[in-house]
Amino acid sequence: MVGYGHIVALNDSESSPVHTAGLELQQGIAGIFGKDCNVSHGKWRGASSTDSVAVVGTVGQFQSSGGDIKQLPQLEEDGFWLEVNSSATYILGQNERGALYGAFEYLSMLAQGNMTQVSYASNPDAPIRWINQWDNLQAGGTHGSVERGYGGPSIFFANGSVKDDLSRAAQYARLLASIKVNAVVVNNVNANESMLTDPIMDGLGRIADVFRPYGVQLGMSLYFASPLALGDLETFDPLNASVIEWWHNKTDDIYRRIPDFAGYLVKANSEGQPGPLTYNRTLADGANLFAKAIQPHGGVVMFRAFVYDSTNLNESHWREDRANAAVDFFDGLDGKFDDNVIIQIKYGPIDFQVREPTSPLFAHLQQTNSAIELQISQEYLGQQCHLVYLPPLWKTVLDFDLRVDHQPSLVRNIISGDRFKRPLGGYAGVANVGTNQTWLGSHLAMSNLYTFGRLAWDPTTDPVSMLLDWTRLTFGLDPSVLQTIVDMSMESWPNYENYTGNLGIQTLTDILYGHYGPNPASQDDNPWGQWTRADADTIGMDRTIENGTRNAGQYPSEVASMYDNIDTTPDNLLLWFHHVPYTQRLKSGTTVIQHFYDAHYNGSARAQTYAPRWQALEGKIDEQRFNEQLFRLVYQAGHSLVWRDAINNFYFNKSQIPDEAGRVENHPYRIEAESMELDGYELYAVSPFHVASNKTCIVTSSNSTQGTASTTLSVDSGKYDLAVNYYDMAIGRSQWELYLNDNMVGQWIGDSDLTLGHAPSNYIDGHSATRITFKSVQVEKGDMLRIVGKPDGIEPAPIDYVSVLPEGVVD
Ligand code: GCV
């Protein structure tokens with residue numbers, strides 16, 4: 001092992017990433033080895049000055065200090081050289097940021113117990129490695145403080161202003177620098193003109209100041225109609241001379257405050273946001289307006305491809321299709337964007353669904369820079385309450401070969417700029433962290449943020465090896481901890497797909513509210529365009545060229561013919577591209593409907609195994625993280641059953657095709673709450689019907705009086721798991737007590753807003769449906785089971801059913 005008597009950081013300015021790197025090395029080495037090192041900032045006096053040294057700085061700083069590394073290759077922007085030999089460690093960045101990245105990479109090696117001698121250069125695959133935060137200036141409104149954020153309120157903004165205390169923002173920059181992310185757009189793409197007022201721009205300057213020592217640049221989302229909205233002009237037409245001047249002036253104002261400002265992010269003409277189309281100008285006119293204003297300062301414009309009309313799409317028109325929107329809207333614009341514009345494209349054509357084909361737009365922009373937009377925040381993927389490790393999903397897109405002009409055209413090589421020889425490109429990750437101690441609201445969800453950075457640096461990195469690194473760094477080196485977390489995480493996305501939406505039908509969540517729990521009916525008959533076209537006999541979107549929406553034809557010909565033909569379409573995208581009878585046979589030989597049933601049963605059964613597997617790690621993980629994660633995994637097990645039954649009931653109801661295995665709507669261990677003897681409780685028809693067993697639950701007769709539901713158990717005497725399915729709404733903390741005769745088995749409170757740190761719904765629905773299980777309870781035949789529910793606020797202590805489960809049975 002190399003000694004660390006002395007660390008030399010070749011810059012003494014406190015805002016410099018090289019200065020930070022010196023301190024990080026000092027702190028890291030103290031943490032890993034318990035060893036105090038000196039750090040000197042500024043010049044290095046050569047290897048002979050000490051026999052035990054780590055030097056960190058830029059190549060330029062190193063060379064001007066008289067240092068020389070013989071084999072140093074040409075480094076790219078943000079790249080670094082790491083050399084650990086028997087007498088010294090050299091961490092040399094192409095720029096200061098690169099030096100800091102090298103320092104973190106070195107510490108990451110040491111923290112994982114890797115003390116080997118190395119010498120290598122590491123360069124980023126793409127220059128754009130940005131995080132997007134969807135933070136609002138204030139809480140309230142439909143989307144709260146952070147839109148689609150499940151880790152608490154914003155770390156940047158509160159009450160319409162930039163926070164005074166930005167220590168958490170500085171910590172975030174530190175975290176992001178350690179995964180080689182180089183910029184953060186701090187506000188929501190659903191932007192607000194107030195961002196461009198003096199107090200907010202001053203505040204952004206303060207955020208940029210705390211980011212700077214970590215080499216993280218600040219970016220901002222723009223509201224396209226700002227000149228009008230702020231009352232300065234009567235138009236926001238991008239070709240109007242006053243508008244152009246206005247944006248130039250604003251941009252100058254920003255750069256006066258933030259000389260290293262990264263750039264703008266723009267959502268235009270989409271979901272209520274204004275844009276250039278309002279004036280019959282093109283999207284390129286809109287993007288170039290900002291590009292020209294920011295170009296003299298060296299900034300860039302990330303212009304989103306998420307442009308579609310969410311008000312006029314009409315499902316009764318067979319050929320209409322939201323999935324076509326991006327290519328249609330950008331048609332004819334390739335080559336028309338300025339060189340500092342990057343088109344930011346969501347991975348699939350719709351919206352972060354559990355499985356989507358690659359967006360065809362990647363193939364269409366050959367003379368335009370592009371970047372992929374990935375979502376770390378699990379909007380449609382369990383919102384950090386379900387364990388879903390995302391890189392295997394992201395890799396389905398990054399590694400997809402679009403075969404443009406019959407040449408290899410992997411998405412990752414398009415966005416790196418390699419395939420079409422573009423100067424810019426890369427990755428935007430929607431993270432939406434908040435003030436929660438865990439950042440994202442869940443300990444295990446952080447692997448997604450970590451691996452986003454790793455993939456943006458090198459998209460060929462293997463999902464398992466990244467996960468191993470993250471787990472070692474987060475939970476230590478215990479082999480059983482590593483194995484369990486890796487196994488569960490690697491299963492988690494396909495498994496979530498199994499119990500949510502299969503065969504490319506999308507997540508099947510409630511797209512009109514919350515995007516969390518099941519509600520397949522919400523997909524159709526509205527202009528949002530996330531349609532399934534499910535009826536009594538058939539399901540799926542016909543996106544074929546002849547008969548359907550022609551979406552398959554948006555892909556280059558080799559891919560187009562694969563998706564256009566049902567025989568060559570992979571099963572996992574069958575219903576994305578084809579409209580088929582429920583009885584359609586898959587390549588596996590089973591029918592679509594039976595696959596739905598089986599996948600939901602298998603997926604939810606697998607989800608039951610997570611908590612026990614985690615429990616086996618007790619004592620190997622600190623108590624707090626062990627318990628908090630266990631809570632989530634138990635919750636996930638219960639909610640996966642809600643998903644299973646809702647989806648299966650819905651499609652059974654539609655198709656009337658029974659489950660070959662006889663499971664759907666057959667629950668011998670269940671006692672429906674509505675069939676119990678009720679006192680102070682009454683029946684309630686749940687909507688959507690399929691999120692309640694037998695379509696019905698019970699609620700207290702008033703908001704202030706308790707209710708009791710009782711039943712005599714006829715099971716044989718023995719040990720049972722008693723599972724109660726109930727609804728935990730966001731508003732209200734109802735209390736429940738479960739008794740056997742006069743003995744209380746357990747009590748609980750409807751406080752998932754606290755325990756999950758995230759309140760999925762104000763209603764009795766698939767978001768709030770949940771389960772509590774009391775394990776291994778001794779039951780005597782003839783015992784009286786009684787639940788007492790005490791309402792609170794608008795939450796009427798709702799109960800769906802009780803399952804009396806023999807050992808090993810889950811239902
Ligand atoms: C920030 C989806 C999300 C919205 C999000 C939008 C977007 O529609 O549900 O919350 O808005 O995508 O990416 O712009």
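Me: Helix 11 and helix 13 first. At what angle do they pack, and how far apart are their axes?
Reply: This is a predicted model, and in it helix 11 (residues 391–398) packs on helix 13 (residues 446–457) at about 30°, with the axes 11 Å apart. That makes the two helices roughly parallel.

Me: Right-handed or left-handed crossing?
Reply: Right-handed, as helix 11 passes helix 13.

Me: Which residues meet there?
Reply: On the helix 11 side you have P391, W394, K395 and L398, and they meet N448, T451, F452 and L455 of helix 13. By class, that contact has five nonpolar residues, two polar ones and one charged one.

Me: OK, what about helix 15 and helix 19, how do they pack?
Reply: Helix 15 covers residues 479–499 and helix 19 covers 623–655; their axes are 10 Å apart, at an angle of about 25°. So helix 15 is roughly parallel to helix 19.

Me: Who makes the contact in that pair?
Reply: From helix 15 it's M488, Y496 and Y499, and from helix 19 it's L633, Q636, S640, W643 and R644. The split is five nonpolar, two polar and one charged.

Me: And helix 3 with helix 4, parallel or perpendicular?
Reply: Roughly perpendicular. The axes of helix 3 (residues 96–111) and helix 4 (residues 167–178) come within 8 Å and cross at roughly 80°. Since 65 to 115 degrees is the range for roughly perpendicular, that's the label they get.

Me: What's in the contact between those two?
Reply: L100, Y101 and F104 on helix 3, with R174, A177 and S178 on helix 4. Sorted by class, the contact of helix 3 with helix 4 comes to four nonpolar residues, one polar and one charged.

Me: Zooming out. How many helices and strands does the chain have?
Reply: The protein chain has 20 helices and 29 strands. Its radius of gyration is 28 Å, close to the 28 Å that the globule rule gives for 811 residues, so the chain is as compact as a globular protein of that length.

Me: What does the C-alpha trace span?
Reply: About 90 × 65 × 55 Å along the principal axes.

Me: How much of the chain is buried?
Reply: Buried residues are 62% of the 811. On the contact side, take the contacts with a separation of 6 or more: 72% of them come from residues 24 or more positions apart.

Me: Let me pick a strand residue. Where does T711 sit, and is it buried or exposed?
Reply: T711 is in strand 23 (residues 707–712). With 15% relative accessibility, T711 counts as buried, because the cut-off for buried is under 20%.

Me: What does T711 touch, beyond its sequence neighbours?
Reply: Leaving aside neighbours within four places in sequence, T711 is in contact with I671, M676, D783, M784 and L785.

Me: How far is T711 from A54?
Reply: Their C-alpha atoms are separated by 72 Å, and the two residues are 657 apart along the chain.

Me: Now G789, which strand is that in?
Reply: G789 is in strand 28 (residues 784–790). G789 counts as buried, at 0% relative accessibility.

Me: Which residues is G789 in contact with?
Reply: Once neighbours within four places in sequence are set aside, G789 is in contact with Y681, T700, Q706, G707, Q735, W736 and A797. As for Q27, the C-alpha atoms of G789 and Q27 are separated by 52 Å, with their positions 762 residues apart along the chain.

Me: Backbone oddities next. Where's the cis peptide bond at P688?
Reply: The cis bond joins S687 and P688, with omega about 0°. P688 is in the loop between strand 21 (681–685) and strand 22 (696–700). For context, most peptide bonds are trans.

Me: What is phi at N694, and where is that residue?
Reply: Phi of N694 is near 60°, a positive value in a residue other than glycine. N694 is in the loop between strand 21 and strand 22. Most residues other than glycine have a negative phi.

Me: And N280, what's phi there?
Reply: Near 60°, so to speak a positive value in a non-glycine residue. N280 is in the loop between strand 12 (263–266) and helix 8 (283–294).

Me: Is N280 buried or exposed?
Reply: Exposed, with a relative accessible area of 73%.

How values were computed. Residues are numbered from 1 along each chain as its sequence is written. This is a predicted model: local features need pLDDT of at least 70, side-chain atom pairs count only at pLDDT 80 or more; totals for chains, interfaces and linings use all residues. Side-chain values use heavy atoms; hydrogens and water are left out. Axes are lines fitted to C-alpha atoms, for helices over the stretch in contact, and angles run from 0 to 180 degrees between N-to-C directions. Helices (H or I, at least four residues) and strands (E, at least two) are DSSP runs, numbered from the N terminus. Angles under 35 degrees count as roughly parallel, over 145 as roughly antiparallel, 65 to 115 as roughly perpendicular and the rest as oblique. A crossing is left-handed if the near helix is turned anticlockwise from the far one by less than a right angle, and right-handed if clockwise. Contact means heavy atoms within 4.5 Å. Ala, Val, Leu, Ile, Met, Phe, Trp, Tyr, Cys and Pro count as nonpolar, Asp, Glu, Lys and Arg as charged, and the others, Gly among them, as polar. The radius of gyration is taken over C-alpha atoms; the globule rule is 2.2 Å times the number of residues to the power 0.38. Buried means under 20% relative accessible area, exposed over 50%, partly exposed in between (1.4 Å probe, protein chains only).
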